[in-house]
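Work through these exercises with the structure open beside you. Try each task before you read its solution.

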Amino acid sequence: MNLSGAEIVVQTLQDEGVDYIWGYPGGAVLHIYDALFQQDQIRHILVRHEQGATHAADGYARATGKTGVVLVTSGPGATNAVTGIATAHMDSVPMVVISGQVPTPVIGSDAFQEVDTVGITRPCVKHNFLVKRLEDIATTLKKAFYIAATGRPGPVVVDIPKDITDPNIRIPYTCPDTLQMRSYNPMVKGHVGQAHKAVELILQAQRPVIYTGGGVILGEASDILREFVKLTGFPITSTLMGLGAYPGTDAQFLGMLGMHGTYEANMAMHEADLLIAIGARFDDRVTGQVAEFCPHARIIHIDVDPASIAKTVRVDIPIVGQVHQVLSDITARLRPQRDQISQTALDVWWQQIATWRAVQSLAYQPGDTVIKPQAAVETLYQVTRDHDFYLTSDVGQHQMFAAQFYPFDQPRRWINSGGLGTMGFGLPAAMGVQQAFPEATVACITGEASIQMCIQELATCRQYDLPVKIVLLNNGYMGMVRQWQEFFYDSRYSHSYVDALPDFCKLAESFGHVGLRITDPADLEGAYREAFAQKDRLVFLDIVVDPAENVYPMIKAGQGHHEMHLSPNLTTERELA
Amino acid sequence: MRHIISVWLENAAGALARVATLFAARGYNIESLTVAPTEDPTLSRITLVTRGSDHVIEQIIKQLNKLVDVTRVVDLTEGIHIERELMMVKVRAEGTMRAELKQLTDIFRGRIIDIGHTHYVIEITGDNAKLNAFIETLDDNTILETIRSGALGVVRGRKPVAAS
């Protein structure tokens, strides 16, 4: 079968089982778009900005575990995609981005819509390729999918010059069945001796804490994690990225840790004598001041990426391997020896944790006349807890409130930009999730600042009938910026006030959606119920919330876990409890 | 501490840029870097000299290993190895200085590879310390120009280091 380069691109994607592509056409990818037009196996979703394409593919990938695919043109098409590529890179999301490039003879001549896409994306991809020969398209794309999804996943960019997709030049196509990659062998199996040492430490522990991250979700290790936590009886905390890997409603779960983590999670970290870190990378939002981090603990660190181990924090037992396999191995070794764990010590430890829990660090003053953002999230949970529910988020206070107040019981249900903190992520990510799960309830929690960064995608939602629910916590500020300015800049709110806001209801309506504005706490639950009952409409909930609310607890820069700032509403006695 | 690190990587466009980008993006310093194809023309070998604490060097090696084009990374400084660097020095050579410079070159087992009425070009190979020592014996007015290749290193003994 003789195929053109453009047809080979499409054929390879079909062979990889790709069902959706998010993209935007342009000169350098016109041949590929023409080939896409002539098939019906892969569905192309036309976004309104390339950033939206990358976030949508990212949301799809995070929710399904499959690789998200993006198609953009050269030059501005590629540069617009960079934010989404970097977002996926920071959170280890499998993604393949195909970008058009100017024809090979003019590469380097500053041709129209030419940028060095491979050069620009090099620091924010797992790998990238510039394909120079028609014969290399199929194998390169196959490599891209393999690299994106294996080991520690990540985005791979494949830059394809226009001339090699020319429909008039055709070559015999055969699907490459094996890949020769001597330089890429993602480590799979954890070291047996290290697992043995880990079990020894677990058996001796008096004050253990399990600390999990996004790697548990990426590594599909949620089930074995639950088994391990139940077997040990240890307390568990999670990073922002790991929420849902372990049920948020379970008694052994201490809540999120880190900068806006719970008192009990952070205090347990500070007092622990054993830390079992699983698929987490000791990010600065988690550790706070590294010198003060877990001062009494020996640390076991399980991660698929050797470079994540001992990067910021020294580790006693590093175990490089797939989280699922290593945790299964440790659990199997531990089971016959489980009785050696000192139950007395564990009981004392849980009693200590109970006193920290009693502080109720997430408590807030309920509002009678004004909607508290925390209450907006709690009510959202009450209304959607029985739904097949996915929540995407933008970045800022609403993201932290959601992480604190919406307990996720399943992995891949909480979808947010953790590492890069990309405002504008939430809406397009929700589109990707809804596309993957048309029957599910998908909501995007956002702020009036974040939502405006990719608001053009409301049109995409209309075109493809994506009934996403937008939960806008509208406080009239870039809330997290305002909070920092209150704390660190003497309340000088420099450019954090979002003036000249649109009427979001009218805006949503102008795109063909439904808009609801809620200002009274008494109307909140009813509005949610009304919105979520509209199964085939996008409903934009403009919820006016308390503009002065802050996210507590908070660990300020340069401080340790034990130096949390609690809400001023909490009494000193409680703080000292 | 100073480390000499050998990196084998695909002899492909952009592979060297990945290494350079990594060092720039993560703020690691490169004291010198040389690159050339190996006996297998599909592979290149980089020898780079860097400085850092054990922690930083460990991260550098891990991050290099993470690059998809890299097949092998070896810290030569960990074992017994031989280090060589080539240096060419263009010097002012007039009057009595000419004999003196010739003698000095012989002591350092160098060679004079270009000669004029008022200048020599001296070629010297050796490890970093030896080349520095030679420079120090010359006074600043004598040196017109210096160029160094950057260090190369190889593990002692018959056994070659596998490239992947």
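**Exercise 1: H3 and H16**

H3(A) and helix H16 (residues 426-436) of chain A pack at an angle of about 50°, with their axes 6 Å apart. The model is a predicted one.

Task: classify the packing of H3(A) and H16(A), then list the residues in contact and sort them by class.

Solution.

Step 1. Start with the angle, about 50°. Angles under 35 degrees count as roughly parallel, and 65 to 115 as roughly perpendicular. H3(A) and H16(A) are therefore oblique to each other.

Step 2. Add the handedness. The crossing of H3(A) and H16(A) is right-handed.

Step 3. List the contact. H3(A) contributes Gly52(A), His55(A), Ala56(A), Ala57(A), Asp58(A), Gly59(A), Tyr60(A), Ala63(A) and Thr64(A). H16(A) contributes Pro428(A), Ala429(A), Ala430(A), Met431(A), Gly432(A), Val433(A), Gln435(A) and Ala436(A).

Step 4. Sort by class. The contact of H3(A) with H16(A) has 10 nonpolar, six polar and one charged residues.

**Exercise 2: Burial of H16**

Task: how many residues of H16(A) are buried?

Solution.

Step 1. Recall the cut-off. A residue is buried if 20 or more other C-beta atoms lie within 10 Å of its own.

Step 2. Apply it along the helix. The buried residues are Gly426(A), Leu427(A), Pro428(A), Ala429(A), Ala430(A), Met431(A), Gly432(A), Val433(A), Gln434(A), Gln435(A) and Ala436(A).

Step 3. Count. In H16(A), 11 of its 11 residues are buried.

**Exercise 3: H3 and H4**

Task: describe how helix H3 (residues 50-64) of chain A packs on helix H4 (residues 76-90) of chain A.

Solution.

Step 1. Take the two numbers that describe the pair. The angle is about 30°, and the axes are 7 Å apart. That makes H3(A) roughly parallel to H4(A).

Step 2. Give the handedness. H3(A) and H4(A) make a right-handed crossing.

Step 3. Find the residues that meet. On H3(A) they are Glu50(A), Gln51(A), Ala53(A), Thr54(A), His55(A) and Asp58(A). On H4(A) they are Gly77(A), Asn80(A), Ala81(A), Thr83(A), Gly84(A), Ile85(A), Thr87(A) and Ala88(A).

Step 4. Sort them. The contact of H3(A) with H4(A) has four nonpolar, eight polar and two charged residues.

Step 5. Look back at Exercise 1. His55(A) and Asp58(A) of H3(A) meet H4(A), and His55(A) and Asp58(A) also meet H16(A).

**Exercise 4: H14 and H15**

Task: at what angle do helix H14 (residues 373-384) of chain A and helix H15 (residues 397-405) of chain A cross, and which residues touch?

Solution.

Step 1. Read the geometry. The axes of H14(A) and H15(A) come within 9 Å and cross at roughly 50°. That makes H14(A) oblique to H15(A).

Step 2. Give the handedness. The crossing of H14(A) and H15(A) is right-handed.

Step 3. List the contact. H14(A) brings Pro373(A), Gln374(A), Val377(A), Glu378(A) and Tyr381(A). H15(A) brings Gln397(A), His398(A), Phe401(A), Ala402(A) and Phe405(A).

Step 4. Sort by class. The contact of H14(A) with H15(A) has six nonpolar, three polar and one charged residues.

**Exercise 5: Backbone details**

Task: place Glu220(A), Asp465(A) and Pro553(A) in their loops, and say what marks out the backbone at each.

Solution.

Step 1. Glu220(A) is not a glycine, yet its phi is positive, about 50°. Glu220(A) lies in the loop between helix H8 (214-218) and helix H9 (222-232) of chain A. Glu220(A) has 15 other C-beta atoms within 10 Å and is partly exposed.

Step 2. Asp465(A) is not a glycine either, and has a positive phi of about 50°. Asp465(A) sits in the loop between helix H17 (458-463) and strand S18 (469-474) of chain A. With 12 other C-beta atoms within 10 Å, Asp465(A) is exposed.

Step 3. Tyr552(A) and Pro553(A) are joined by a cis peptide bond, with omega about -5°. Pro553(A) is in the loop between strand S20 (539-544) and helix H21 (572-576) of chain A.

**Exercise 6: The whole chain**

Task: describe chain A as a whole, then its contact with chain B.

Solution.

Step 1. Count the elements. Chain A has 21 helices and 20 strands.

Step 2. Compare its radius of gyration with the globule rule. The radius of gyration of chain A is 25 Å, close to the 25 Å that the rule gives for 577 residues, so chain A is as compact as a globular protein of that length.

Step 3. Add extent and burial. The C-alpha trace of chain A spans about 75 × 60 × 40 Å along its principal axes. Of the 577 residues in chain A, 55% are buried.

Step 4. Turn to the partner. In chain A, 12 residues are in contact with 16 residues of chain B. The side of chain A that touches chain B has seven nonpolar, two polar and three charged residues.

Terms used. Residues numbered from 1 in each chain as written. Chains lettered and ligands numbered in written order. Predicted model: local features only at pLDDT ≥ 70, side-chain atom pairs only at ≥ 80, totals over all residues. Axes fitted to C-alpha atoms, helices over the stretch in contact; angles between N-to-C directions. Helix = DSSP H or I, 4+ residues; strand = E, 2+ residues; numbered from the N terminus. Parallel < 35°, antiparallel > 145°, perpendicular 65-115°, else oblique. Left-handed = near helix turned anticlockwise from the far one by under 90°. Contact = placed C-beta atoms within 7 Å. Nonpolar A, V, L, I, M, F, W, Y, C, P; charged D, E, K, R; others polar. Rg over C-alpha atoms; globule rule 2.2 N^0.38 Å.
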